[in-house]
Amino acid sequence: MNVELIGLTKRYGTAIAVDAIDLKVPSGAYCCLLGPSGCGKTTTLRMIGGHERASAGEVVIGPKAVGDAAPSERGTAMMFQSYALFPHLDARDNVAFSLKMRGVGKAERRAEAMAMLDLVQMGHLAGRLPAQLSGGQQQRVALARALLTGPKVLLLDEPLSALDPFLRVRMRVELKRIQTELGLTFIHVTHSQEEAMALSDLVVVMNAGRIEQASDPRTVFERPATAFVARFIGGHNVIRLPGGMIAVRADRMRLGAEAGHAAMPARVVAVEYQGTSVHVGLDADGLERPSEGSAALTAVLSDVDFAARPLRPGDTVTVGWDMAAAHRLDA
Amino acid sequence: MDRPRGRAFYLLACVFALYVLFLYGPTLTILALSFQGPSGGLTFPMNGVSTHWFAKLWEGVGVVDIWAALRRSLALGLVVMALTVTIAFYAGLAFRKGFRGAGLVFALAVSSLIVPSIVVSLGIGLEFRLLDDGVKALATATGWGFLQDHGTLMGLYSSALGAHLTWTLPFGLLIMFAVFNRFDPAYEEAARDLGATGAQTLRHVVVPILAPALVGVALFGFTLSFDELARTSQAIGGRNTLPLELQGLTTTVTTPEIYALGTTTTAFSALAIGTALGLTLWLQKRRARRALAGLRP
């Protein structure tokens, strides 16, 4: 089912956590709410799920505004950041919990729970307690438990942040597979732009309670709407020119002879080898550093190009970019 | 950090040993002396070893019915335990949610620990005397038959129960505070997300998860009540609890019988706590073992 937010607002006293946001998530989409901590993404998710009361505005799920309906009456299910598996119940009884609350008989609810555990490949560990499962296994159980309620929209609060990097990538694939197979709408909160890029049909970049940009991942990366988006999504240099701000992808920067007409002299301050590419940090007069300790500009060179013309910290080099690669920013 | 232990270690170890001795020394002394020989006295040296004094105890101690007092203490302890667990649990829930005047209610509850026990006890005694005066005045004024031979409202399950609750409830509340502090509200949110009502969430999620802590509060409530003396002293009414009888006996009984009684009651408390802990551990182990056996249930 599609989800629509209209002027959704959350205030805590005088502080505004979510500031009148509007958003349409089409049915069956994988939507990521992306932003730094404190940007209001989790509060937004909790308001959609009915775990937080909206101060103003509306959440519309499918055909109707849900208002103050209880979480279980919205057609949503939530996967909590810590998974919140009940420690006194084994995996199967955790998954069967919603059926038990509805008064479904023991044999029937256990059979349904087993079927769902098989879907997430956890059937063989159905008798384990949460404490006896690894992080990734716990997550599968939490997913099965949420799915058993038959949600139209699944809400995921930083589902991968507790996993180690290797497992994170595997579970990412798994989430996408299940979402596609079941045709559900997923709304997934994350602070990892990599995760958002890999998973979503719709990336919603949030900052300070507002939506900076809501678009497909490619548009967000190719044409970031604001300087914040360009910096947060990474891989971009945000450059202040007399005529306004532009973003240039780090891999479209040109060094030395290829620097072109916009070339300026720069000092190499950092060289990081990354395998297939090399990241070169540069400082130039008149350009501010985005944050303490990072270079004003970053150029990403292929390892072959770098090997042909190696650079070392302290070297001076001219830097520029293709006019076509420069993207004008709103603010 | 595999350095040899310094002087500080041995010094602190000595302090700890002294502490343990101080803590258990009296109990061990009483334990030893309760096995005093038949011709032995109230102090060391031991004059032989026997269970003579336990046998004497079994026959009864003079005019005092010690077993009736033990039964009263047990019954009162169980009632205090049940009330303490129930009230402290719900109070903990209320304080976690927060309400107007929470700070004041908390201060009032805890101040009961600061006021000297004997003062609380005297106050309760006086309070009940006022109530009794009121009932008597009512009896005179109305002439109602059932009020005419009114004695006192004081008793085991009125004034004594109240006195014990002034002692156990603040402790129970403090423990529940600590427990709820570490309780992740996500469990309750998950339960509600899965369609549980408030009552179902309490029954199927909160209580089972907190069960070990609730058992702890129960044991605490029971043992605090079982050996309470000062608060009960002025608020007990006609029939004494075991600690009060024991205090009385110390002035009249001059044989190691009293030690045998001490050993018996201590064993009783230890047994109650040991059983509860053992049962909890056994249940946990069994649950874990069954799950790990990989039973596809």
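In the predicted model, A:G183 adopts a positive phi of about 65° immediately after helix α6 of chain A. The helix that precedes this glycine, α6(A), spans residues 165-182 and comprises 18 residues. The distance from the first C-alpha of α6(A) to its last is 26 Å, close to the 26 Å expected at 1.5 Å a residue.

Strand β9 of chain A, formed by residues 202-207, is mostly covered, with 5 of its 6 residues buried. Pairing of β9(A) was found with both β3(A) and β10(A). Strand β3 (residues 30-34) of chain A runs parallel to β9(A), and the two are joined by 4 bridges. Within this parallel pair, A:L34 lies opposite A:V205 of β9(A). The pairing of β9(A) with strand β10 (residues 210-215) of chain A is instead antiparallel and involves 5 bridges. Here A:V203 is placed opposite A:S215 of β10(A). Together, β9(A) and β10(A) constitute a hairpin in which 2 residues separate the strands. In the turn of this hairpin, A:A208 has a positive phi of about 50°.

A further element of chain A is an open sheet of 3 strands, arranged in the order β11-β12-β18 with antiparallel pairing. Strands β11 (236-241) and β18 (326-328) of chain A occupy the edges; each has a single partner strand, so one side of each is left without a neighbour in the sheet. From one strand to the next, the twist averages 30°. The antiparallel pairing of β11(A) with strand β12 (residues 244-249) of chain A comprises 6 bridges. Among the residues of this pair, A:V238 has A:A247 in β12(A) as its bridge partner.

The contact between the chains draws 25 residues from chain A and 22 residues from chain B. On the side of chain A that touches chain B, β6 (76-79) and α3 (97-101) of chain A each contribute at least two residues. The largest share of this side comes from α3(A), which supplies 3 residues. By residue class, the side of chain A that touches chain B consists of 12 nonpolar, 9 polar and 4 charged residues.

Note on methods. Residues are numbered from 1 along each chain as its sequence is written. Chains are lettered from A and ligands numbered from 1 in the order in which they are written. This is a predicted model: local features need pLDDT of at least 70, side-chain atom pairs count only at pLDDT 80 or more; totals for chains, interfaces and linings use all residues. The expected span of a helix is 1.5 Å times one less than its number of residues. Two residues are in contact if their C-beta atoms, placed from the backbone, lie within 7 Å. Ala, Val, Leu, Ile, Met, Phe, Trp, Tyr, Cys and Pro count as nonpolar, Asp, Glu, Lys and Arg as charged, and the others, Gly among them, as polar. A residue is buried if 20 or more other C-beta atoms lie within 10 Å of its own, exposed if 12 or fewer, and partly exposed in between; C-beta atoms are placed from the backbone. Two strands pair if DSSP finds at least two bridges between them. Axes are lines fitted to C-alpha atoms, for helices over the stretch in contact, and angles run from 0 to 180 degrees between N-to-C directions.
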